[in-house]
Amino acid sequence: MSSNKLSFFQRTKLNVAKSVAPVKEKSSSSLNQIDFYLPPPSYRSIKEIFFADANISQNYCYSPDSISISNLPLLEEVIIGENKLLNIGFDSIIIHDLDDIQELINLYPAIENFVVKFRKPFMRGKIYSREQPKEIVRKPRKIKEINPEQEKEEEVLIESEEDFDKPVIKQQYKDKNKFDTFDVFDLIFPALQPPLGKNFDNPIVFPRPLLAFQPEGIEFLLDNPAALLGDEMGLGKTIQAIVALKVLFSTGKITTCCVVCPKALLTNWYNELCRWAPELKALRLEGGPEYRRVLWSAGAHIYLCVYESLQKDLEKTIEIKNLKVDKDGHHFKCLVEECKGEIDIPFSRHYTEVECPHCLNRFFYPYKDDRARTHFDVLILDEIQKTKNPKTKMTKATRVVYADYKWALSGTPMENKLKDLVTVCETLEAEMFIDMNKTNAQEVIARYKSKFIRRKKDDVLKDLAPIQSKYEWLELSKSQRKKYDDAEAEGTDDLENQGEKVTVTHIFALITKLKLLCNLDPETLESSKLDYLKEKLEELTSQGDKALVFSQFPKKTIEPLLPLLKEFSPLYYHGGLNLGQRETLVRKFQDPANVENKIMFLSLKAGNSGITLTRANYVFHFDMWWNPSISSQAAARAHRIGQNKIVFETMLLAEDTIERRIFDILETKKSLFNVVVDDLSEEINLDKLMSEEEIFGLFGLKKRRNVVALTDENIKKDFHTFDETEFEKFVSDLFTQMGYHLNHHKKSYDGGVYMYAKRIRPSGIDEVIIQSMRVEQSNMIVKEDVVVKLGTLLYSNKKIAKALIVTNGIFDAEATIFAEKNKIELIGGTQLQEFIQKNYSK
Amino acid sequence: MSKLKIGFYSLYETEIQDSYVGTILITDSYGIPLEFKCTHSVKATGIQKALYGERLKPYIGIELCGVPLIKSIANSPDFIFVDAEYLLSIRTKITTPVILIGKADKEKLETPEEYNKDGKILIAHEYNTFEPVEIQYHPEFEKDNKNTFEGVFSICTNFDLTEPFARMKKSVEILGKSDNKFK
């Protein structure tokens with residue numbers, strides 16, 4: 001370095017400047033050299049002086065673009081514009097004031113620009129949605145509410161579960177994307193959601209308001225790392241647990257959770273999580289062992305598994321004798337016979353190769369066959385009474401897993417079974433009863449009381465609506481799924497092969513066949529609906545409640561189910577019973593002293609209006625009713641005067657089947673129910689609720705071709721040669737040609753068909769009912785009662801402007817007079833041809 | 001108006017002193033998150049702190065983190081809220097309107113007209129749905145007021161407009177625990 005440069009450094013307060021070796025051109029010195037030359041203490045003081053004495057004014061950096069000194073850690077280069085000036089010979093320039101810069105510029109006149117640079121930081125993030133969530137408009141639904149004072153049923157408008165015009169948080173993680181990358185930005189996704197509200201009442205976050213008593217349960221879970229939530233069935237234990245999880249995830253207190261439940265409830269948990277916590281990724285640990293291994297190692301917020309799977313996936317670990325599990329990890333004695341030394345394996349070392357510190361034996365822990373994770377932030381054990389025996393592998397498996405929060409859910413009262421209670425509590429907290437007498441009930445209860453909360457329906461009755469309804473979507477069992485898929489494929493092929501001959505009747509037949517398979521596999525009697533039902537029946541009967549189970553298929557569903565539920569001593573109310581037998585059955589079920597017969601099976605035909613079964617307050621529909629009035633009617637066996645409990649109504653439906661497809665279509669047509677469906681026939685009324693295209697579309701088929709074309713030739717034909725369907729089609733086509741849009745058809749049960757139609761005209765929209773009535777002979781008379789019935793329909797619907805009856809027969813005088821007075825147009829006999837001539841165009 | 005995309009930008013100091021993380025959150029008009037992005041932490045060295053002085057934070061907040069983050073967002077917001085006055089200057093670097101938002105001055109609440117004198121606008125809810133807030137536009141971009149005010153008013157009853165900043169802060173804390181690059 002030239003003397004000028006030395007002079008430059010000498011102006012600094014750092015003596016180290018002198019000790020920096022004179023920098024020759026094309027050489028540089030480093031801080032290490034400074035170290036070399038100076039004792040460390042001096043270096044430290046240098047560093048302090050270096051920065052502490054920096055005398056920089058605000059204006060020093062008069063423009064970020066005008067000073068250039070390298071970034072970190074120390075100056076290694078000076079950048080002049082775009083060019084590097086290498087090897088200027090020193091590693092650091094101590095800048096004290098503007099003069100120093102000026103000095104540098106004087107020394108190096110080529111320097112034009114100085115820029116103080118920061119390294120540009122990396123940016124990371126995630127796109128959670130590119131689309132706006134749709135705003136869903138749902139109408140409140142009507143129910144019949146019992147008014148005890150008036151002792152009659154009246155229709156009341158209640159709020160539906162979904163709020164009106166509410167934004168929706170979309171489900172972020174779909175099952176099909178379960179193996180997508182799950183990174184830190186997925187971990188923070190719950191924290192980015194809108195807040196839950198002070199009382200968990202933010203309508204944006206929750207699909208419906210919580211019931212008044214539920215926040216207390218949620219707070220209880222949050223305050224107790226070991227907790228047993230023992231609310232009676234139907235009070236929303238699952239929902240309370242899910243909301244508590246939402247709180248913990250959103251505040252960043254937890255990042256993982258495992259939910260263990262009976263098999264029948266797995267899908268229910270998944271569905272409730274999708275509904276109440278769509279921001280969380282839930283993985284269902286299903287399938288074979290190796291598939292589960294992959295799932296356990298996939299990233300997720302929540303892992304859902306069944307007790308049996310957890311047991312299998314920790315099979316070897318369970319067998320380790322005297323295994324102790326705590327927050328620090330797993331502790332056990334070395335398995336080498338000669339060693340038996342104590343081994344401590346922290347959770348951070350699980351699923352790696354570890355070494356016994358005593359005998360240096362290396363082994364993989366947990367054993368390679370074990371796949372389940374051993375540590376979560378939260379572990380939820382649903383229906384924990386299943387692990388009441390401490391010696392079973394299932395119970396041991398739940399104790400191998402460590403979690404900072406362990407919550408148990410169970411509606412089954414266990415206070416009277418001390419041993420069960422102790423086992424369950426020790427699963428939640430191993431040392432809950434340490435140093436005390438576990439056979440002393442009072443002491444046990446006193447100890448566990450603070451970790452237990454239970455509300456009964458009677459306690460919270462005032463907070464609940466009179467009837468609580470829900471849909472329960474269940475996955476078919478393995479054998480059911482295979483049979484179902486085969487039957488659907490075979491049935492669809494058959495329909496396609498039939499071509500034009502296919503009618504909706506054929507399709508209904510296939511639907512019925514598939515619905516039966518959704519209920520159970522007739523060969524193996526496997527049924528996911530039955531499994532679910534059993535779980536629920538165990539719980540509700542242990543509370544002292546009773547249930548009604550309805551099905552459309554007495555022979556093919558109810559009768560095979562009866563022996564499978566014999567532990568509940570089911571009664572069967574069916575059409576084959578005479579009046580006396582029916583009355584006896586009802587009396588038996590209703591008898592308060594009868595605790596043996598806990599459930600009654602009914603088909604709606606037999607179990608229709610007139611019978612009172614208020615001893616039951618749980619109603620299950622084993623298969624889907626297209627007509628919601630039917631489910632209301634069925635539930636009304638229990639939900640009627642004399643019922644003093646909340647009635648819980650559950651529809652059991654099979655996911656990914658014809659039931660789901662029809663359900664989805666009908667959901668969009670709820671408004672039609674009030675207009676069209678006014679009878680309670682058990683027969684499928686799908687043809688009244690869905691168009692032909694939609695019915696055919698259920699199996700990917702196209703609407704059948706026209707049976708009779710509206711052609712020049714056909715309009716001259718004698719209509720008596722047409723059958724009923726052909727005539728209906730002919731009339732339908734004619735009105736379509738006249739500009740009407742035919743909405744749907746409905747049988748009139750007097751040999752005709754009602755067609756609801758609309759036509760848009762400049763003056764407005766015409767809504768009409770057209771009754772098509774084909775008779776055997778042209779001189780057959782259509783009587784007044786037919787016209788009166790149509791008139792009744794006309795006047796019950798204010799939107800309909802007029803009605804028409806089109807027939808190939810003739811009308812009697814009374815019919816004609818009635819029609820003239822009541823905005824009904826009669827087209828029959830010779831008028832039919834004139835009408836066609838007038839309105840048909842080529 | 002219900003299809004608005006709203007941006008929230010802030011610069012957070014992490015648990016390590018003089019270490020900053022720029023974050024931007026895009027939500028719909030109900031505060032439901034659509035996109036989130038942040039920078040790795042930017043730690044100023046002694047020289048940088050000395051040289052930049054009081055301009056350090058604005059430089060990091062605007063030049064280093066803010067502009068690049070906003071330009072990298074896929075869900076372009078209709079306007080962006082910031083929670084610090086120095087970040088309002090980011091408006092000079094981008095075309096999206098920027099609005100400074102904060103809790104209203106409680107002392108001034110009794111004389112709302114005082115707000116107009118400062119160039120701030122008070123937004124108070126008739127039924128106290130949320131706490132009153134004050135907003136302010138960059139003085140050089142008066143048109144932003146006209147262009148965005150209706151949108152702001154349409155969403156101010158949907159959720160507390162200052163609340164998302166708390167979520168972002170919490171998220172940065174969680175990120176910092178998971179990955180040192182965000183500390």
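How many helices and strands does the secondary structure of chain B come to? Five helices and eight strands, in what is a predicted model. The legends below go through it view by view.

**Figure 1. Chain B, end to end.** Start at the N terminus and the elements of chain B read β-β-β-β-α-α-β-β-α-β-β-α-α. The chain has 183 residues, and 43% of them count as buried. If you look at chain B contacts with a separation of 6 or more, 62% come from residues 24 or more positions apart.

**Figure 2. The largest nonpolar core, with 186 residues.** The members that touch the most others here are L304(A), V378(A), W407(A), L548(A) and M600(A). Helix α2 of chain B (residues 56-72) gives the most to this core, putting in eight residues. On the chain A side, domain 2 (214-314 + 371-461) and domain 4 (467-666) each supply at least three residues. Then there's another core sitting apart from it, this one of 33 residues, including Y740(A), M755(A), I805(A) and I824(A).

**Figure 3. Zooming in on M600(A).** Which residues is M600(A) in contact with, once its neighbours within four places in sequence are left aside? The list runs L548(A), P570(A), L571(A), Y573(A), F589(A), L613(A) and A616(A). L548(A) is worth picking out in this view, since it turns up again among the core members that touch the most others.

**Figure 4. Helix α17 of chain A and what it packs against.** This helix covers residues 504-519, and its length checks out: 16 residues at 1.5 Å a residue should span 22 Å, and the end C-alpha atoms are indeed 22 Å apart. Its buried residues are I507(A), I511(A), L514(A), K515(A), L516(A), L517(A), C518(A) and N519(A). Why might a helix put residues some places apart on one side? An α-helix has 3.6 residues a turn, so residues three or four places apart point the same way. I507(A), I511(A) and L514(A) are among the buried ones to follow along the helix with that in mind. The buried set packs against helices α16 (478-498), α18 (528-542), α19 (554-561), α22 (658-667) and α25 (692-697) of chain A, plus strand β25 (647-654).

**Figure 5. L525(A), in the loop after α17(A).** L525(A) belongs to the loop between α17 and α18 of chain A. Its phi is near 60°, which is positive even though the residue isn't glycine. For background, most residues other than glycine have a negative phi, and most peptide bonds are trans. Is L525(A) buried or partly exposed? Partly exposed, as it has 13 C-beta neighbours inside 10 Å.

**Figure 6. A three-stranded open sheet in chain A.** The strands come in the order β12-β13-β14, with antiparallel pairing. β12 (324-326) and β14 (342-345) are the edge strands, each pairing on one side only. On average, neighbouring strands are turned by 20° against each other, direction ignored. Four bridges hold the antiparallel pair of β13 (residues 329-333) and β14(A), and H330(A) has I345(A) in β14(A) as its bridge partner.

**Figure 7. Two backbone oddities in the loops of chain A.** Y351(A) sits in the loop between β14 and β15 (352-355). Its phi is near 65°, another positive value outside glycine. With 17 other C-beta atoms within 10 Å, Y351(A) is partly exposed. The other stop is the peptide bond from Y365(A) to P366(A), which is cis with omega near -15°. P366(A) lies in the loop between β16 (362-365) and β17 (375-382) of chain A.

**Figure 8. Strand β8 of chain A, covered on both faces.** In a regular strand the side chains alternate between the two faces of the sheet. In β8(A) (residues 226-229), A226(A) and L228(A) are on one side, A227(A) and L229(A) on the other, and all are buried. β8(A) runs parallel to β18 (residues 402-409) of chain A, joined by four bridges, and L228(A) has A408(A) as its bridge partner there. β8(A) also runs parallel to β19 (residues 452-453) of chain A, through two bridges, with L229(A) opposite I453(A).

**Figure 9. Helix α13 of chain A and its surroundings.** The buried residues of this helix (residues 393-400) are T395(A), K396(A), A397(A) and T398(A). They pack against strands β9 (257-261) and β17, and against helices α11 (307-313), α12 (315-318) and α14 (418-428), of chain A.

Key: Residues are numbered from 1 along each chain as its sequence is written. Chains are lettered from A and ligands numbered from 1 in the order in which they are written. This is a predicted model: local features need pLDDT of at least 70, side-chain atom pairs count only at pLDDT 80 or more; totals for chains, interfaces and linings use all residues. The expected span of a helix is 1.5 Å times one less than its number of residues. A residue is buried if 20 or more other C-beta atoms lie within 10 Å of its own, exposed if 12 or fewer, and partly exposed in between; C-beta atoms are placed from the backbone. Two residues are in contact if their C-beta atoms, placed from the backbone, lie within 7 Å. A nonpolar core is a set of buried Ala, Val, Leu, Ile, Met, Phe, Trp, Tyr and Cys residues joined through C-beta atoms within 7 Å. Domain bounds come from an automatic or database domain assignment. Two strands pair if DSSP finds at least two bridges between them. Axes are lines fitted to C-alpha atoms, for helices over the stretch in contact, and angles run from 0 to 180 degrees between N-to-C directions.
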